[in-house]
Amino acid sequence: ERGAVAVIRKQKRTQRSSQLKVCVGYGLIVFIVFLVYRSSFGTTTSAPVRSKQTNLDPATEDLASLKLKSNSELKSSIKPTREDQPVTTLPLEVSTGSSNPLKSSGMSSFATISTEHGNIKFRFRDDKAPKHAAFMRQLIGEGLYNGCVFYRAEQNFVLQGGLRDAAGNQRSKKIDNPPLEFDLLNKRGTVTMARWEDTNSGSGEFFINLRDSPHLDRTGSTGWALGFTVFGEVVEGMEVAEKIGMLPTTVQGGLKMLNTPVVMNSVTLS
C-alpha cells in the first residue's frame, strides 16, 4: 500500500513538472513575440517628418499637387504638361523707360475673372514677374480662359484653375512657358503660377493663395525648393475666392477637387 501511494505521488510530481515546463515554454514564446513586436513597431520608432522642401502628402498641401490633373491623369499620374511643343516665342520684355511702363505701353494692368459667385480682380506684378505677367496677359487676351474653370479648392490653402473646361478638356496654347521668376512671397491674396518640379513647366495653371504659404516660397536651390512665381495680387473679390474655396469637394488622387467646377464665364483685361 505504501508502494502504491509512492507511485501516485511520483506521478503527480511528474505531472506538475510537465505542466510547469509547458507554462515556462508558453511564457518564453510570448516574451520572444513581444521582443520582436517591440523592435518592429515599438514606441522608440520616430514618426515620419514631413519636409516643406520635398514632395509632401498631396492630401495635405503637396507641392506637386499644385498642378493640373485631369480625370484621366488622376488615374494614370501622367503629367499634363506633355502637350504639343510651342511654335512661337512670346516677346516678354517690358519697357522700363517710364515711371508707369504699363500705361505708356498700352498694356493692361488688371485682369477680372467673372464667375456666378462674383468677380475676382487682380493686378499684374510686371515689376516682379514681367515674363509671367506678359505670358498670362497674352493667354487672357486670346480668350483662352473664357469658359474654363476653377477645379480644385483646398480650404484655407489654395483655389486653383487653369486651361481646362468643366468636362476636363485641356485647351492648348502656342507660346512657350515663361522661366521661373520667384521674387514675391506667396502671401494671402497673391496669384501664383502652378508648375511641376521643372522650374520652367508653368503652363497657365494658376492658383490664388487663400492664406500665407511660406512653404511655397524659395527654401532651397533645386526643384520645388526654388519656389513658385507670384505674378499678380487680388485687389477686389478676395471674399469670392474664399467662398469658392469652401464649396464641396471630393478627394481624387489626393487632391480636393470641386464637386461642381466653377466656370470662369469670362476673363478680361483692363
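Which residues touch the most other members of the largest nonpolar core? In this predicted model, F122, F150, F206 and F231 do so, within a core of 33 residues. Helix α4, residues 130-141, contributes the largest share of this core, with 5 residues. The tour below returns to these positions after a view of the whole chain.

**The whole chain**

Display the complete protein chain as a cartoon. It comprises 270 residues, of which 41% count as buried, and its secondary structure amounts to 5 helices and 10 strands. Among contacts with a separation of 6 or more, 72% are between residues 24 or more positions apart. With a surface representation switched on, the exposed area is about 14,900 Å², and carbon and sulfur atoms supply 53% of it.

**The sheet**

Select the strands next. The 10 strands form an open sheet with antiparallel pairing, in the order β8-β9-β3-β4-β6-β5-β7-β2-β1-β10. At the edges are β8 (249-252) and β10 (266-269), each of which pairs on one side only. On average, neighbouring strands of the sheet are turned by 30 degrees against each other, direction ignored.

To inspect one border of the sheet, select β1, residues 110-115, together with β10; 4 bridges join these antiparallel strands. Show S114 and S266 as sticks: S266 in β10 is the bridge partner of S114.

**Strand β6 and its partners**

Move to β6, residues 206-209, which contains F206. Which way do the side chains of this strand point? F206 and I208 point one way, while F207 and N209 point the other way, and all are buried. The relative accessible area of F206 is 3%, and because this lies under the 20% cut-off, F206 counts as buried.

Add β4, residues 158-165, which pairs with β6 in the antiparallel sense over 4 bridges. Here G161 has F206 as its bridge partner. Then add β5, residues 190-193, joined to β6 by 3 bridges, again antiparallel. On this side, T192 stands opposite F207.

**Strand β3**

From F206, proceed to F150: the two are 56 residues apart in sequence, and their C-alpha atoms are 9.4 Å apart in space. Next, select R152 in strand β3, which spans residues 148-154. Is R152 buried or exposed? Its relative accessible area is 0%, so R152 is buried. Showing E154 as well reveals a polar contact of 3.0 Å between the side chains of R152 and E154.

**F122 and the two cores**

Centre the view on F122, one of the residues that touch the most other members of the largest core. Beyond its neighbours within four places in sequence, F122 is in contact with residues including F110, I113, I140, V191, F231 and V235. A separate, second core can be selected for comparison; V158, A194, W196 and F228 are among its 8 residues.

**The loop before helix α4**

Finish at A129, in the loop between β2 (118-124) and α4. A129 is buried, because its relative accessible area is 0%. Which residues does A129 touch, leaving out those up to four places away in sequence? They are E181, T229, V230 and F231. A distance label between the C-alpha atoms of A129 and V230 should read 7.1 Å, although the two residues are 101 positions apart in sequence. F231, touched by A129, also appears among the contacts of F122.

How values were computed:
Residues are numbered from 1 along each chain as its sequence is written. This is a predicted model: local features need pLDDT of at least 70, side-chain atom pairs count only at pLDDT 80 or more; totals for chains, interfaces and linings use all residues. Side-chain values use heavy atoms; hydrogens and water are left out. Helices (H or I, at least four residues) and strands (E, at least two) are DSSP runs, numbered from the N terminus. Buried means under 20% relative accessible area, exposed over 50%, partly exposed in between (1.4 Å probe, protein chains only). Contact means heavy atoms within 4.5 Å. Accessible areas come from the Shrake-Rupley method with a 1.4 Å probe; for residues, only the protein chains shown count as cover. Two strands pair if DSSP finds at least two bridges between them. Axes are lines fitted to C-alpha atoms, for helices over the stretch in contact, and angles run from 0 to 180 degrees between N-to-C directions. A polar contact is a pair of N or O atoms within 3.5 Å; within protein, one must be able to donate a hydrogen and the other to accept it, and residues adjacent in sequence count only if both atoms are side-chain atoms. A nonpolar core is a set of buried Ala, Val, Leu, Ile, Met, Phe, Trp, Tyr and Cys residues joined through side-chain atoms within 4.5 Å.
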